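Welcome! Please take a moment to turn the model around, and then we can walk through it together.

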Amino acid sequence: APAEPPDMMVLDPDRPSSLSTESSTRLRLAYLSVGEAQDLRPYWAHISSAAFLVEQDRDLEGNVRVDFRDAEWQRILLKEEIPRILAEGYQGFLLDTLDSIPYLEDEHPEKFSGSREALAQWLAKLRSAHPDLVLLACGSQALEIAAPYVNGYVAEGLFTAWDPAARRARQTTPEEQ
């Protein structure tokens, strides 16, 4: 028997998908990188030299950690990216790379102090502006920050993990699980 279609799908809003035309009865969530800018997104040409770009993510080529306290980055997400994606018919978001925000604050507390608070304030603005969106947060260090504003949480890496050196997924070990 054919597999049942999923009740919820997380799709990359900037990549065409054959599922998009079949998913009118399914909950469609869009992937949104929050703590890292991505060079494959439509906004990249306008921000590639922005001051809020901090450092290349060593594990994800093309992903650059951002200083989340920067009002311009927050505005791009809230006023440009989210409305653009919602106009395509999505009902919510998988908010990814949230852990990059506390990571920077932990690694360089003198330079990125207040990053966690900036994330909490931004999530409150997002929830206030779009109270009916389904929001899932992805990460672990940011769980406590995101919990009051999201509908659920996604944990990655239980059965597979990304191996940046091999540039492919690998099975996790029992110790990692």
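What follows is a short tour, from the whole chain down to single residues.

Keep in mind from the start that this is a predicted model. Its secondary structure comes to seven helices and 10 strands. The C-alpha trace spans about 60 × 40 × 35 Å along its principal axes. Is that what a compact globule would look like? To put it as a question of size: what radius of gyration does the chain have? The value is 17 Å, which agrees with the figure near 16 Å that a compact globule of 177 residues would have.

Now think about inside and outside. Of the 177 residues in the chain, 42% are buried. The surface that the chain exposes comes to about 10,000 Å², and carbon and sulfur atoms supply 51% of this area. As for charge, there are 17 positive and 30 negative side chains, and the centres of the two sets lie 3 Å apart. The contacts tell you how the chain is folded back on itself: among those between residues at least 6 apart in sequence, 56% join residues at least 24 apart.

A good first stop is helix α6, residues 115-129. With 15 residues at 1.5 Å a residue, α6 should span 21 Å, and its end C-alpha atoms are indeed 21 Å apart, so the expected and modelled spans agree. Which residues of α6 are buried? They are Ser115, Ala118, Leu119, Ala120, Trp122, Leu123, Leu126 and Arg127. When you look along the list, it helps to recall that an α-helix has 3.6 residues a turn, so residues three or four places apart point the same way. The cover over the buried residues of α6 includes the helices α3 (71-86), α4 (100-107), α5 (109-112) and α7 (143-146), together with the strands β6 (92-96) and β7 (134-138).

One of the helices in that cover, α3, holds Gln74. Is Gln74 buried or exposed? Its relative accessibility is 11%, under the 20% cut-off, so Gln74 counts as buried. Beyond its neighbours within four places in sequence, Gln74 is in contact with Ala118, Trp122 and Lys125, and also with Phe68 and Arg69. Ala118 and Trp122 are among the buried residues of α6.

Next, move to α4, another helix in the cover of α6. Six of its eight residues are buried, so α4 is largely enclosed by the rest of the structure. The six are Ser100, Ile101, Pro102, Tyr103, Leu104 and Glu105. Their cover includes α5 and α6, as well as the strands β3 (36-38), β4 (53-56) and β5 (63-66).

Just before α4 comes the loop that links it to β6, and Thr97 sits in this loop. Thr97 has a phi near 60°, a positive value in a residue other than glycine. With a relative accessible area of 10%, Thr97 is buried. Asp96 belongs to strand β6 and is buried too, with a relative accessible area of 12%. Where does the chain come back to Asp96? Cys138 is 42 residues away in sequence, yet the two C-alpha atoms are 5.0 Å apart. Cys138 is also in contact with Asp96, as are Tyr31, Leu32, Ser33, Val34, Gly35 and Glu156.

Trp44 lies in helix α2, residues 44-47. Its relative accessibility of 19% falls under the 20% cut-off, so Trp44 counts as buried. Leaving aside neighbours within four places in sequence, Trp44 touches Ala37, Gln38, Asp39, Leu53 and Val64. For a sense of distance, compare Leu126 of α6: the C-alpha atoms of Trp44 and Leu126 are separated by 22 Å, with their places 82 residues apart along the chain.Let us finish with two residues that have more open settings. Ala147, in the loop between α7 and β8 (152-154), counts as partly exposed at 41% relative accessibility. Its C-alpha atom is 9.4 Å from that of Leu136, 11 residues away along the chain. Gln171 is found in strand β10, residues 168-171, and counts as exposed at 65% relative accessibility. Even so, Gln171 is in contact with Phe159 and Thr160, and its C-alpha atom lies 6.4 Å from that of Ala161, 10 residues away in sequence.

Note on methods: Residues are numbered from 1 along each chain as its sequence is written. This is a predicted model: local features need pLDDT of at least 70, side-chain atom pairs count only at pLDDT 80 or more; totals for chains, interfaces and linings use all residues. Side-chain values use heavy atoms; hydrogens and water are left out. Helices (H or I, at least four residues) and strands (E, at least two) are DSSP runs, numbered from the N terminus. The expected span of a helix is 1.5 Å times one less than its number of residues. Buried means under 20% relative accessible area, exposed over 50%, partly exposed in between (1.4 Å probe, protein chains only). Contact means heavy atoms within 4.5 Å. The radius of gyration is taken over C-alpha atoms; the globule rule is 2.2 Å times the number of residues to the power 0.38. Accessible areas come from the Shrake-Rupley method with a 1.4 Å probe; for residues, only the protein chains shown count as cover. Lys and Arg count as positive and Asp and Glu as negative; His and the chain ends are not counted. The place of a charge is taken as NZ of Lys, CZ of Arg, CG of Asp or CD of Glu.
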